Amino acid sequence: MIRRRVLISGRVQGVAYRDTCQRMATEHGVAGWVRNLGDGRVEAVFEGAEEQVDRMVEWARHGPRLAAVKEIAVQTEPAEGLTGFLVR
């Protein structure tokens, strides 16, 4: 199991980024959470099998149809054993 924290910048709020992220993570069997930040970015944590987490990180690079991702920062962290995927 691996964990990645992702910070996404661009037009990523008000475009269903969090809801779509939750749906995609659930479809891929990835645990974690996603939230809007006050500075306009979105932050997400993905935990699970490496292949599925990597798919979510790749998805985060473009997000849902209306998003315009400018930049993504990915950080590896120790897995916490999260279950489920929450929108915060």
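Three worked exercises on helix H2 and its surroundings follow.

This is a predicted model, in which local features need pLDDT of at least 70, side-chain atom pairs count only at pLDDT 80 or more, and totals for chains, interfaces and linings use all residues. Residues are numbered from 1 along each chain as its sequence is written, and side-chain values use heavy atoms, without hydrogens and water.

**Exercise 1.** Find which residues of helix H2 are buried, and on which side they lie.

Step 1. Helices are DSSP runs of H or I with at least four residues, strands are runs of E with at least two, and both are numbered from the N terminus. H2 spans residues 50–60.

Step 2. Buried means under 20% relative accessible area, exposed over 50%, partly exposed in between (1.4 Å probe, protein chains only). Val53, Met56, Val57, Trp59 and Ala60 are buried.

Step 3. These residues cover an arc of only 160° around the axis (directions from the helix axis to the C-beta atoms), so they share the same side of H2.

Step 4. Their packing partners are strands E1 (2–11), E3 (42–48) and E4 (68–77), plus helix H1 (17–27).

**Exercise 2.** Identify the residues that join H1 to H2.

Step 1. Contact means heavy atoms within 4.5 Å.

Step 2. From H1 come Tyr17, Thr20, Cys21, Met24 and Ala25. They meet Met56, Trp59 and Ala60 of H2.

**Exercise 3.** Place glutamate 50.

Step 1. Glutamate 50 belongs to helix H2.

Step 2. Its relative accessibility is 48%, so it counts as partly exposed.

Step 3. Leaving aside neighbours within four places in sequence, glutamate 50 contacts Ile2 and Arg4.
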